[in-house]
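The following exchange sets computed values against the definitions behind them. Please consult the sequence and the model while reading.

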Amino acid sequence: MKFLRVLLIFVPISIIAKFFNFNETVIFILAALAIIPLAGLMGEATEAISIYTGPKLGGFINATFGNATELIISFFALKKGLFEVVKSSIAGSVIGNVLLVLGLSILAGGIKHKTQKFNKNIIEVSSSMLLFSVIGLTIPAIFTHTMDINLLNTKYEGLSILVGIIMIVIYILSLIFSFFTHKDIYAIEEIGGNSNHKVEKGWSMWKAIFVLLLATIVIAVESEILVGAVEPMTHALGLSEFFVGIIIIPIIGNAAEHSTAVIMAIKNKMDVALEIAIGSSLQIVLFVAPILIFLSLLFSPMSIIFNEFELVALIASVFIANRVANDGESNWLEGVQLLAVYIIVSAAFFIV
Amino acid sequence: MKFLRVLLIFVPISIIAKFFNFNETVIFILAALAIIPLAGLMGEATEAISIYTGPKLGGFINATFGNATELIISFFALKKGLFEVVKSSIAGSVIGNVLLVLGLSILAGGIKHKTQKFNKNIIEVSSSMLLFSVIGLTIPAIFTHTMDINLLNTKYEGLSILVGIIMIVIYILSLIFSFFTHKDIYAIEEIGGNSNHKVEKGWSMWKAIFVLLLATIVIAVESEILVGAVEPMTHALGLSEFFVGIIIIPIIGNAAEHSTAVIMAIKNKMDVALEIAIGSSLQIVLFVAPILIFLSLLFSPMSIIFNEFELVALIASVFIANRVANDGESNWLEGVQLLAVYIIVSAAFFIV
Amino acid sequence: MKFLRVLLIFVPISIIAKFFNFNETVIFILAALAIIPLAGLMGEATEAISIYTGPKLGGFINATFGNATELIISFFALKKGLFEVVKSSIAGSVIGNVLLVLGLSILAGGIKHKTQKFNKNIIEVSSSMLLFSVIGLTIPAIFTHTMDINLLNTKYEGLSILVGIIMIVIYILSLIFSFFTHKDIYAIEEIGGNSNHKVEKGWSMWKAIFVLLLATIVIAVESEILVGAVEPMTHALGLSEFFVGIIIIPIIGNAAEHSTAVIMAIKNKMDVALEIAIGSSLQIVLFVAPILIFLSLLFSPMSIIFNEFELVALIASVFIANRVANDGESNWLEGVQLLAVYIIVSAAFFIV
């Protein structure tokens, strides 16, 4: 995504703005614009490293670092006690991947190609995994909201930790599934996790490692700036923190990856586009969410109780993802409909 | 549906009954019996016109006028301020189409033919469109009901109008999809909207236009009579307006069309039967519902917040429609089960 | 399941323990251990009888007596007024079959066989029937919980009885479907109801009838002992009756049948394993639940209003069952995910 690199100019600008105490809303926007190309660079560097390490370790590195940006932003949000933002950004990433990214990909691809076919079998494995995982992840929340009585929080912390452990175990088992016991399913496409970024020629191993480390450090700095501006910005603009978490942060964290999905769809590589959107959702649920549950124990335990809006939007999204996958083909109208649901959900979140 | 024409005798009878101030329950029943054959005539006339205009314009005319009866009844209900009846009849039309019409069609067809196959690909386009549209249409309601706080109504009016605009845009795009970009999918069957009424020979263009205009005027008169009798009848019989809207009005407005679906199923034309039931639901959600939202602005804004019963029944119905479509074949037992769900839903609505 | 027969030693032990007024928790465990092999023996005897009666009557006997153990336990629970236990054990049987039994079967089978295929068409008939039936069975409960006002119980008793009648009618129609109008679908596999227990050689007709009668009587005795110990045990251990009903009783009642499903999966007979799990759920919903509604009229009417937890878990289970069936194939990771959902659901039930 070379064209995104021009946005790197916002790295120094945002730091200067922070230094001179600019308006917090301006700072938030500048930091957001700085993070977008950094996340893209991180993806390219990870991809380049994975080529040198061979497909298995490379696939693992890709899968694990694919959501590093979201993890870093969420870490600083946890540190600031912005639990609502962290939880809603987990839900928002899934919703954004399934409705916005998949919608844009299917629409953009569908405008160029009348009907696009994809390998149903691969996508069904991911999409049914996403369904089961989201059911597992949301059961504590569903149970909480359907109860009249208020239970002690400690019980729910325990349940959240159990859910976190189960999710991470499934994540590890799914890597074993993809890279060992059933690696042949994925062989045709050579899809390993998120390894679908186009690799630029001329990345040496050392350049890649250097870029990865540098990008990680700068993202951390920018994330702290971004997160620091959330509260004042929401007050100034009358937005809810919830809206920032569920709509804005997922777009920032995933912009680079998302543009890859759209470009792949235009190139008629729908398998890759779907795998980015659905696979990325799966990593959020099975890897990012549990890591954040565990990290929260460092500060103050965050129970993984999504609110009703997040629940409805999450569950609707995974059903839609399953329906799309089930077809084995897509057309532009399907893309329009996913985007329509995304717009309605966003508008509903906005007025909450 | 020539046999329904005998019911036209109820047109003068109902007007006389209204004139002499008969019991309101009797007036309601007489007006209902009068509307059934009028809706059928309107369908036949529309169909005949569409033959003269050629398939594209004809398909559009069919799709647009297919639900004219429901629109006219709802217009007078809106005018009388019967918002509950209007909203519940939108939900009830979808439920009735998916559970009652599809159930009767599959049962009647399945008794004559052991296993009936249908073109999965066409039906899947409609049924997944129905799923996405209903999710979009119901998100404002789902969000409202899961919230503790009471929001200002104005916010929800705005959201309802946004949903209305998005639905009508998708409706227009779906016509472009069916009649332009992807018209070949439908080519085999020559299904255009609801154009599945058997066309009687000997309908001249002018006769068709005359019948259409006349039927529209008479339906408008009968609808005003019908709607005027709703409140006194519900009081007299102890029925809820909700029950009238969700069960009775959809049966009246769609009886002619519904009998077509059953006859097509018996003739083993399951594609046509399913397309009538699912396509008709789709038009309600994408065309009738937004038009009613906009029309309500003339009187007093109606927010498209379905109640919990409507929500549950709507969502259950679209999942069932998707499950049925997914099979690619049907048998009598499936029909029995759809009818069983319809009976249980109706009984639950009755005792609410 | 010959290896389970060693557990028959617990029949005399549990009776002695009851006679000498042992600790109630100990009595509960002993009675549970006694019921497991008795249920297995009952299954084998039913199976043996069905061979002598020919496939049609045999299939009917199998289908009807397949859940005799659960019926007997529930009868004594009804008699003791433990309505919560009865209702939650209905929900728990479906959840246990779909998540625990199917999960264990798919995992055990998947460890030995890389990818297991099954006849999608047969399984889809059962799984979509299960979906429709569970929607029908739960509509009264969904409606009740989404209402603010408290309705008179008598209305819900009437609705429960209507649902019971509809379910039993569908059950009878489904037997007609399986054994008469569409018997050829099942012909390849010779699956009739639950007739998948391996038949031991050397069972004469009379031996089978004698064992069946004896096992029924002893199960009745043990069930009364078991049910009598539920209340004191739950108090002693701090468990809820709800947890006993939804997790523990279904495991006891189905252990023998469940081990058959797992063994079939290991032998790569996935059709049989799935048919046991899904078919058994179907019998619970269509046969056991209505019989219990009718039986409750002998004591005090039990309305079939599941609580919110049961609802969520039931509906999630049938969607998962449909998703699994839709694939037409299974692998070990899918088994792991079903078990993960079961563990999370059980933990959530435990802390309620």
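Q: Which residue of chain A comes closest to the rotation axis that relates chain A to chain B, and at what distance?
A: In this predicted model, Asn326(A) comes closest, its C-alpha lying 5.2 Å from the rotation axis. The model is predicted, with local features needing pLDDT of at least 70 and side-chain atom pairs counting only at pLDDT 80 or more, whereas totals for chains, interfaces and linings use all residues. Residues are numbered from 1 along each chain as its sequence is written, and chains are lettered from A and ligands numbered from 1 in the order in which they are written.

Q: Why are chain A and chain B called copies related as by a three-fold rotation axis?
A: Two copies of a chain are related by a rotation about an axis and a shift along it. Here a rotation of 120° with 0.0 Å of shift along its axis superposes chain A on chain B, with an RMSD of 0.0 Å. The superposition is by least squares on the C-alpha atoms of residues with pLDDT of at least 70 in both copies. The two copies are therefore related as by a three-fold rotation axis.

Q: What turn and what shift lay chain A on chain C?
A: A turn of 120° and a shift of 0.0 Å along the axis lay chain A on chain C with an RMSD of 0.0 Å. For this axis, the nearest C-alpha in chain A is that of Asn326(A), at 5.3 Å.

Q: What makes residues of chain A and chain B count as being in contact, and how many do so?
A: Two residues are in contact if their C-beta atoms, placed from the backbone, lie within 7 Å. By that criterion, 20 residues of chain A are in contact with 22 residues of chain B. On the side of chain A, the elements giving two or more residues are α12 (308-327) and α13 (332-351). The largest share, 11 residues, comes from α13(A). Helices are DSSP runs of H or I with at least four residues, strands are runs of E with at least two, and both are numbered from the N terminus.

Q: How is the side of chain A that touches chain B divided by class?
A: It has 15 nonpolar, two polar and three charged residues. Ala, Val, Leu, Ile, Met, Phe, Trp, Tyr, Cys and Pro count as nonpolar, Asp, Glu, Lys and Arg as charged, and the others, Gly among them, as polar.

Q: Which elements of chain A supply the side that touches chain C?
A: The contact takes 22 residues from chain A and 20 residues from chain C. Helices α6 (120-145) and α7 (153-181) of chain A each supply at least two residues of that side, and α6(A) gives the most, with 11 residues. By class, this side of chain A has 15 nonpolar, five polar and two charged residues.

Q: Why is α2(A) called roughly antiparallel to α9(A)?
A: Helix α2 (residues 24-53) and helix α9 (residues 205-237) of chain A pack at an angle of about 155°, with their axes 7 Å apart. Axes are lines fitted to C-alpha atoms, for helices over the stretch in contact, and angles run from 0 to 180 degrees between N-to-C directions. Angles under 35 degrees count as roughly parallel, over 145 as roughly antiparallel, 65 to 115 as roughly perpendicular and the rest as oblique. The angle therefore makes α2(A) roughly antiparallel to α9(A). Their contact has 30 nonpolar, four polar and two charged residues.

Q: What makes α5(C) roughly parallel to α12(C)?
A: Helix α5 (residues 83-112) and helix α12 (residues 308-327) of chain C pack at about 30°, with their axes 9 Å apart. The pair therefore counts as roughly parallel. Residues of α5(C), including Val94(C) and Leu102(C), meet residues of α12(C), among them Leu314(C) and Val324(C).

Q: What handedness has the crossing of α4(C) and α11(C)?
A: The crossing is right-handed. A crossing is left-handed if the near helix is turned anticlockwise from the far one by less than a right angle, and right-handed if clockwise.
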